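Student: Before I rely on words such as "buried" or "salt bridge", I would like to see each one set against its cut-off. Could we go through them together?

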Amino acid sequence: MNVLASLMEPAGTPDGWEAYGDDRKERVGFFTDTSVCIGCKACEVACKEWNLIPEDGRVWTGESYDHTSQLDANTWRHVAFVEQRKPLLTNGDGAELGVDTVGDGGTGLRWLMESDVCKHCTHAACLDVCPTGSLFRTEFGTVVVQQDICNGCGYCVPACPFGVLDKRHLAATTDPPPAILGRKEDGRVWKCTLCYDRLKGGHEPACAKACPTKSIQFGPLEELRERADARLAKLDAEGWNGAQLYGRDPDDGVGGFGAFFLLLDDPEVYGLPPDPVVTTRDLPEMWTNMLAAAGALLAGVTALTLLGGRR
Amino acid sequence: MRSYYGRPIIKEPTWTWEIPTYFFTGGLAGASSVLSSAARVTGNDALARRALYVGAVADLVSPVLLISDLGRPERFHHMLRVVKVTSPMNLGSWVLLVNGGATTTAAMLQLLGKWKPLRIAASIVAALAGPPLATYTGVLVADTAVPVWHEARHELPWIFGASAAASAGAAASMFVHPRDAGPARRIAVAGVLAEGALMQAMELRLGTVGEVYHQGEAGKLSWAAKGLSVAGAALLATRGRKSRASAVLGGALVCAGELCLRWSVFKAGFQSARDPKYVVESQRQRIEKDGTNATTKPGENPAPPGRGA
Amino acid sequence: MALSKLLESWPALRQLREGDPRGLGKAVQSPRSKGLVPRIDEAEHVVHSICPYCAVGCGQLVYVKEGDVTHIEGDPASPISRGRLCPKGQASKSFVQSPLREYKVKYRRPYGTRWEELSLDDAMDMIAERIIRTRADTWEWETEQGAPANRTMAIGNLGGATLDNEENYLIKKLMTGLGIVQVENQARI
Amino acid sequence: MPSLGTSFGRGGATTFQQDLQNADCIVIMGSNMAENHPVGFQWVMEARERGAKVIHVDPRFTRTSAMATKHVGIRAGSDIAFLGGVANYILQNDLYFREYVEKYTNAPVIIDEEFAGPEDLDGLFSGWDPEEGEYDVQSWMYEGMELHGSAGQREEGFDPTKGEASGHGGHGGGLHHGEPPSEDETMQHPRCVLQLLKKHYRRYTPEFVADTCGCSVEDFLEVCETLVANSGRERTSAFCYAVGWTQHTVGVQMIRSAAVVQQLLGNIGRPGGGIMALRGHASIQGSTDIPTLYNILPGYLPMPHTEKYGDLDTYIDANTSPTGWWGHFRAYFVSLMKAYFGENANADNDFLFESLPRIDDDNSAYWTVRQMLEGKVRGYIIAGENPAVGHANGKAHRLGLANLDWLVVRDIVEIESASFWYDSPEVESGELEAEGIRTEIFFLPAAAHTEKDGSFTNTQRLLQWHWQAVEPKEDCRSDLWFYFHLGRLIKQKLEDSDEERDKLIKALRWEYPTHSGIQEPDAEAVLQEINGREIESGRFLSGYPELKDDGSTLCGCWIYCGCFENGINQTARKKPHWEQDSHVAPEWAWAWPANRRIIYNRASADPDGNPWSERKRYVWWDGDEGKWTGLDVPDFEEDKEPGYVPPDDAQAEEAIAGDHPFIMQADGRAWLYVPQGLEDGPLPTHYEPHESPFDNPLYPQRANPRRQQNEDLAEDPYNPVAGEPGAELYPYVVTTYRLTEHHTAGGMTRSVPFLAELQPAMFCEVHPDLAREIGLEHGGWATIYTTRSAIEARVLVTDRVRPLTMKDGRRVHQIGLPYHWGKRGLITGDSANDLAHMALDPNVHIQEVKAFTCGIRPGRRPRGPELPRFVTELRDQAHSRRDQEPRVEPEEVRDTS
């Protein structure tokens, strides 16, 4: 399997991107800064309007103001709402300054909002495991599902460490399946394309364009990372409680996110994995292991047949 | 354990009943083609022929199962659009194509009793493609973000291999007269024993993540798997040689057991994906262990922006 | 010939020929993906508009093709909104194309139990008649105290905060001309 | 709004949203800006990123609070107490911006010795007439100032302008020609405004504020200190408010309180300062400027009144201020009549003034509903509004609609106001049934904004043109089309009528060019009429100074004059902001007046005309050029020197001194104290909401004595209040509001799939303690009830609505209710407004839905006939308890006149 190992590209470079050679465009992505997110959900709607995504059910969850609940085939931007009895700011010596000191003594209260999206991983599991080449790395370094190719095998769904991808069980809106099979549902896998078509036309993605407070920033990834570092330093200086970047570092388990975040608490609080790893990182080992098992099977069965009598 | 309203972090697979069933048929097909060729070498033609037919049938059923699970069945051929070393499902499709093609060809020629050399060649190809076919499905599930699958990546191919052998042996001993079925019974029994041991090893490694094998459907199925396969193996070992009926019953029990085993692994994955605790805890442990994580706290210096953009 | 074409287009071969051995990028890009064009670049014309919801007054760009709105997004040129929109403004296209939108006049006769169809012309004529009749029946030259009134108190008009200035202007002008003083709108509400 | 109008001279936001980025401190109060004006809120965030303090004072912790650097929770309806406290803090500690206050406000002016305030009169101002239940404002006047018109005229019923009419300044709030008011420059005179303020707010101590509002003394002081530290020469603070202030029985006075604070701090007319009124509808400012309101004509000219202004001259005289820009009232009015009636209106027939319809004191929407219930209204036209859900006490409205002869509803979708006859709570409960409803209903589908040309006036007085993108389909038509063709048809039908009453409508000038297959009127032609022309030459006017009172000019709305200058649609200017020099972007659309973006901006310079500081440079006097210049259009005569002193006989604007920036006011100054134009007092003073669990901590007078009530209206019963038996049945404070994901009554959002799914159900927000106390289950159902009705809602238990601790440690729970739901749409639910009452603010007749009382219990509401039974049983129980020992409202007995 060292063949495969040799194919692995240096950390931080998106798999499959090099091949574009001169057609390769600057790698772009999102920096979602939750410290300015007002939870308006314009991103959710902008995304649906542009990408003609079907409505996703009208369920009142009681989970603060979040009735979208998760990213899935019909929701490519999802705003999480977390109400905490925890102050927004802490001053130098750790003492806490609650933004809200309502009522009785008032423990600090804060309301975290975060617009989640596909991470467009540098090393993307969905991309690796897709058996048809429907999922592919674009010239912009993003990861996109090609709807004319996807055959709905669903392998990418459990492969994604963020639970971003999902199969659409609603009726097909574009190129519906042939009638003979009598299928009603779309049956393909959908996720954020980082507005691939808009990028090709030189427009910024719909969600970033709509965002009223520029919590969602779009741009060249390199630039966004610099901006994020500066932002983190500023918030730290201002004593923001729990400020941290998530997915900014190319050395993490997925080689850094193409769409990374500034969070105000640990990732799992927002429903994000604290240490996502691209499952195919272990694939060479798994292949070796499998060949061994296969060999053992061959040897074992043959041996047990040859040795010992016919009865 | 903190989470977002207890919602899952990763998605459950969208796969339906066809997939675990295919894990079984694929394994059966793969191991059978080995068994068939091996028997041929020892001149046990009865065993060879029956094993070949069993494999052929399993090989014919498998793609049907796979295709019917697709969201867009009419696009099944897109599987062969590419050759992706990073995609177990893609390579698996190629292997299934080769093994299935070879086995069915061999079986056809066997029936017609024609072109012996070609038949032999086909059997050899099938025998070589068989073991990968029987074991790659272990990698297929391990190569996901599902904790109970991914963390078991070392054992799963072996477990699936052993299970495949057991089912192939068991199936053969059902259709072959006991006087010719010795190898088949030995393989079945050995397979069941091996897989039992491997399962224990896996659960040992998994720790808390593995607890899903004792909960809900996965729990029930894994008990059924153990019960049925052990009972069947015992029956084959003790009375399989004398009584045809016991052989058939024993073989059936083992096959049923192996089917349950695949199902329990399958279901375990769903349960593991459903509860965010497994994702968070396994990752938090990893962070404790090797200090890696995806966050950058103030003061930490991440790699310079220059990289990876 | 066709066969070799087919082969050339086969991504499995392109993987090797296009230096994408793992088949993750260029080699597996479909012709459709390659030729993708954003909807807004295919619009026949783009119209400057203003969001109809709150009073922030965000600029909107309305993209039109074949007589239909194909997309609405923020107008970057606006110094107020700088191209940004809230969820409501962003949903403007779904608003003007709502599945519940009504396109036909509906008529309910007194004591009626169902909506009936009615042509727009007939409706306009009937409404004009109602106004004229009601006005004639209820005209007040003076109040009970004998103060000048020149009005009818039996007709009212409600609405305006979501309308254009020009529309409000015609409403107030017409109602004043008709002696209808109960003209009100959401500014109160 | 009269509050801004009487305080500064114009009834609009004093600044513009983009300028908020220059504020050093922003106080958001009575507004949930982040949720209801998210895109405007970007400018608050810009300020925050630049280090500005953002303070949110609100009963709830909202998405705005989450972005604020400080949130202070107060009891709904206690805002005047809070802001009075701020004023008191500033005054007691001499922290006001002395130079600004002395020169630019009426602080030095001495008030009539007859005047007495609530501190002396147990909560009433002098002049209270218990019979009429209103004030005689004579004693509120400046010393030596006389109301317009002679006493004789007053006997004929003459009154100074009030309500919306004063939304644009005090009009007649005039002085003797040229004569300055008596002043004390040292501001020491016991009857000068500053000293009166000191006395008035003396008792609004930090402790009083904490006891009344339920916040902590520390939080209150932090707000005061932050505001003061960020005001003055070098720094400025801004206020943002919305209907969280407007919708109270003291709404106008709440806004006035902010006006007082901002004047004391010297923040009006300066960059980063001002009061940003955040309107909720695309053209709500426009629909007040060019009113669809009963009591004013375009440009805030009062409608002729049955009891007042006998003939044209009396009317003109009563509304003309000899000093300030209201000095040209006749020109504004005559030009409007020329726009309305063309050659039919001329000097000989007094421009048809005497034929104009006349109003009573109150012909507002809520008054009309009463008339409907009494069967006095036969026909009603509704265009783009949904009273069945959007107005307080929805049931009264629906019953009213069911009592009409005919009803026209124009909307995009079939709203509740059109479907009430077969699909309303009353039909469900059996109180109404289709077979029994007389109302003949015409539902006419409307055209959307993408299907018509026209202009909206946004929250910062900015007229922005939107172009038609597509043709409306089938029967869909613009309201321009509807009203134009309706008028055309009516005039056609009355062509040969020689009825006296038809003279005016026949005289109405009603020719507008039309285009396209559907004969759509040309919206620009209408805007041209609004802008006005010189009749002789047809030349477009460039601004209201050009208007003539001899009938030689026509103008449909004098404050909009100039929006079509040089025949160019100024409102359609779309020059990108990046091609303009400053954030003011004067070449984007057109703002009234005269394209000024910050009004009263002469106040951004000191009395000598120099910027107060380099940091706050905006408009200043250029001595060399001899004119005012800066980033914005100066809101001052361009060449009037800072040192200009008006001669004694000066008239109109000539009478405004060079250091008096508030040019609409008779005295050229901002009014800390409003001698006339308001119904309920020259100074804001704390009153409890109409329905409140608390007594007034200051004086026996509990609520606004001047508030409008409907005691005699069966459909509008009230909950017992503080001190009354029966109040315990409705012990909680409830406040209603909007969510980002929806718009007002939901007519424009419940029908939109992508919005419906974001907030799919009606819910109530309650604190965990309340949930525990009465057994409400998170995610379950609750029934909320008042004497009007009962509704059900899903329960959202959250820390964001906290119980507050008042005087004597008494704890009060507040309940939050969004009001977007109704019976129609993709998502349906009960309407919060069904719970509300119709007691109103006396100045603008706005309902009090931001603070009233209710009861709440677990579980879904009763169904069918059980619902009204449930409500009435509780009500009767409450009222019978109350009637045993009814509370005596002081205003009914005391006579201070």
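What follows is a conversation about the terms used for this structure and the values behind them.

Tutor: This is a predicted model, in which local features need pLDDT of at least 70 and side-chain atom pairs count only at pLDDT 80 or more, while totals for chains, interfaces and linings use all residues. Residues are numbered from 1 along each chain as its sequence is written, chains are lettered from A and ligands numbered from 1 in the order in which they are written, and side-chain values use heavy atoms, with hydrogens and water left out.

Student: What makes up the secondary structure of chain D, and how is it assigned?

Tutor: Chain D has 27 helices and 29 strands; these are DSSP runs numbered from the N terminus, a helix being H or I over at least four residues and a strand being E over at least two.

Student: Why is chain D called as compact as a globular protein of its length?

Tutor: Its radius of gyration is 27 Å, close to the 29 Å that the globule rule gives for 897 residues, so chain D is as compact as a globular protein of that length. The radius is taken over C-alpha atoms, and the rule is 2.2 Å times the number of residues to the power 0.38. Along its principal axes, the C-alpha trace of chain D spans about 75 × 70 × 60 Å.

Student: What does the rule say about chain C?

Tutor: Chain C, with seven helices and eight strands, has a radius of gyration of 29 Å, well over the 16 Å that the globule rule gives for 189 residues, so chain C is more spread out than a compact globule. The C-alpha trace of chain C spans about 100 × 45 × 25 Å along its principal axes.

Student: Which share of the contacts in each chain joins residues at least 24 apart?

Tutor: A contact means heavy atoms within 4.5 Å. Among contacts in chain D between residues at least 6 apart in sequence, 73% join residues at least 24 apart, whereas in chain C residues 24 or more positions apart account for 28% of the contacts with a separation of 6 or more. Between chains, five pairs are in contact, and chains C and D share the most contacts, while chains B and D do not touch, their nearest C-alpha atoms being 13 Å apart.

Student: How do you know that E285(A) and R153(B) form a salt bridge, and why does the pair join two chains?

Tutor: A salt bridge is a side-chain nitrogen of Lys or Arg within 4 Å of a carboxyl oxygen of Asp or Glu, and the side chains of E285(A) and R153(B) meet at 3.7 Å, N to O. E285(A) lies in helix α8 (residues 283-306) of chain A and R153(B) in the loop between α5 (147-150) and α6 (156-175) of chain B, so the pair joins two chains.

Student: Do those two residues count as buried, partly exposed or exposed?

Tutor: Buried means under 20% relative accessible area, exposed over 50%, and partly exposed in between, with a 1.4 Å probe and protein chains only. E285(A), at 34%, counts as partly exposed, whereas R153(B), at 13%, counts as buried.

Student: What makes the salt bridge of K277(B) and E211(B) a link between separate parts of the sequence?

Tutor: The closest N and O atoms of K277(B) and E211(B) are 3.1 Å apart. K277(B) lies in helix α10 (residues 276-290) of chain B and E211(B) in the loop between α7 (182-206) and α8 (216-239) of chain B, so the pair ties together parts that are 66 residues apart in sequence. K277(B), at 25% relative accessibility, counts as partly exposed, and E211(B), at 22%, counts as partly exposed.

Student: Where do R772(D) and D769(D) lie, and why is one called exposed and the other buried?

Tutor: Both lie in helix α25 (residues 768-774) of chain D, three residues apart, about one turn of the helix, and their closest N and O atoms are 3.2 Å apart, which is listed as a salt bridge. R772(D), at 62% relative accessibility, counts as exposed, whereas D769(D), at 18%, is buried.

Student: How many salt bridges does the structure hold?

Tutor: There are 109 over all chains, and one network of salt bridges links K86(A), R110(A), D265(A), D266(A), E268(A), R2(B) and R284(B).
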